[in-house]
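Biologist: Could you take me on a close look at one small part of this chain? I'd like to know where it sits and what surrounds it.

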Amino acid sequence: MATVSKALFRGAASTSSTTLYTVPSSTTAIVTNIVITNTASSGATFDLLLDDVALANDVTVAANSITAIDLKQVLAQNKTIKGLASATTVTFHISGVEVA
């Protein structure tokens, strides 16, 4: 079994629900941490779902600030991480491990 630490997603949020990451076939992913940044001069909100189950719902990130989520969540093959935010000034940085 190969284990690879990697960035599962890095990028700007969309204002509608978007799939940020899909676990590849024959692979298990372990999400280890998520950092959400807001570079705007006003607060913004975000939602995150793991396998269509809410992890964060309408959480506020203050202006020019970050929110960090430290976790160990396992996702089986073909499961997804989805997200959205109230503004495109919000970015998601999702790290984890893939085991194939």
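**A close look at Ser95**

Modeller: Sure, and keep in mind that this is a predicted model. Let's start with Ser95, which you'll find in strand 8, covering residues 90-99. Its relative accessible area is 15%, and buried means under 20%, so Ser95 counts as buried. What does Ser95 touch, if we skip residues up to four places away in sequence? The list is Lys6, Leu8, Arg10, Ile30, Val31, Thr32 and Asn33. Arg10 deserves a second glance, because the side chains of Ser95 and Arg10 also make a polar contact, at 3.1 Å.

Now hop over to Ile30, another name on that list. Ile30 belongs to strand 3, residues 28-38. With 26% relative accessibility, Ile30 is partly exposed, whereas Ser95 is buried. Leaving out neighbours within four places in sequence, Ile30 is in contact with Ser95, and also with Gln73, Val74, Gly96, Val97 and Val99. Here's a distance to look for on screen: the C-alpha atoms of Ile30 and Ile94 are 11 Å apart, with their positions 64 residues apart along the chain.

One last stop, in the loop between strand 4 (44-50) and strand 5 (53-61), where Asp51 is found. Asp51 has a phi near 55°, a positive value in a residue other than glycine. Asp52 lies in that loop too, and its phi is also positive, near 65°. As for accessibility, Asp51 is partly exposed, at 33% relative accessible area.

Note on methods: Residues are numbered from 1 along each chain as its sequence is written. This is a predicted model: local features need pLDDT of at least 70, side-chain atom pairs count only at pLDDT 80 or more; totals for chains, interfaces and linings use all residues. Side-chain values use heavy atoms; hydrogens and water are left out. Helices (H or I, at least four residues) and strands (E, at least two) are DSSP runs, numbered from the N terminus. Buried means under 20% relative accessible area, exposed over 50%, partly exposed in between (1.4 Å probe, protein chains only). A polar contact is a pair of N or O atoms within 3.5 Å; within protein, one must be able to donate a hydrogen and the other to accept it, and residues adjacent in sequence count only if both atoms are side-chain atoms. Contact means heavy atoms within 4.5 Å.
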